[in-house]
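I opened this notebook to record a few things I wanted to look up in one structure, beginning with how its strands pair and ending with a single residue in a loop.

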Amino acid sequence: MKGTIAGKNEEKGFGFITPEGMEDKKENNVFFHSSSLEGVTFAELAIGDAVEFEQETSEKGPRAKGVKRA
């Protein structure tokens, strides 16, 4: 899937991705943790950056894995 970084919590190392085509539906944002990044560090990602990721389901809802810059 493709999307953009919608927000980040620097202190806790997590953020949210807005999937492509879902920009008007913030409730569809996908959680990601810094441990799910590939080829980029958490500090290097900025809000609005384009990313590619795989989506999986967790107990708390959708979660991204294999997050990398697009």
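The entries below follow the order in which I looked things up.

Entry 1, the hairpin. I kept in mind throughout that this is a predicted model. I looked first at strand β4, residues 50-58, and found that it pairs with strand β5, residues 61-69, in the antiparallel sense, over 7 bridges. The two strands, β4 and β5, form a hairpin, and I noted 2 residues between them. For one bridge I looked up the partner of glutamine 55, which is alanine 64 in β5.

Entry 2, the largest pocket. I then asked which residues line the largest pocket, and the list reads Phe31, Ser58, Glu59, Lys60, Gly61, Pro62 and Arg63. Its volume comes to about 170 Å³. When I sorted the lining by element, β5 gave the largest share, with 3 residues. Sorted by character, the lining residues of this pocket divide into 3 charged, 2 polar and 2 nonpolar.

Entry 3, serine 36. I turned next to serine 36, which lies in the loop that runs between β3 (30-33) and β4. Is serine 36 buried or exposed? I recorded it as buried, because its relative accessible area is 12%, and the cut-off for buried is under 20%. I also looked up what serine 36 touches once its neighbours within four places in sequence are left aside, and found it in contact with Ala64, Lys65, Gly66 and Val67. Ala64 had already come up in my first entry, as the bridge partner of glutamine 55.

Conventions:
Residues numbered from 1 in each chain as written. Predicted model: local features only at pLDDT ≥ 70, side-chain atom pairs only at ≥ 80, totals over all residues. Heavy atoms only, no water. Pairing = 2+ DSSP bridges. Helix = DSSP H or I, 4+ residues; strand = E, 2+ residues; numbered from the N terminus. 1 Å grid on protein atoms, 1.4 Å probe; cavity = no way out; pocket = protein on both sides within 12 Å on 5 of 7 lines; lining within 4 Å. Points joined across faces, edges and corners; volume = space filled by probe spheres on them. Nonpolar A, V, L, I, M, F, W, Y, C, P; charged D, E, K, R; others polar. Buried < 20%, exposed > 50% of the residue type's maximum accessible area, 1.4 Å probe, protein only. Contact = heavy atoms within 4.5 Å.
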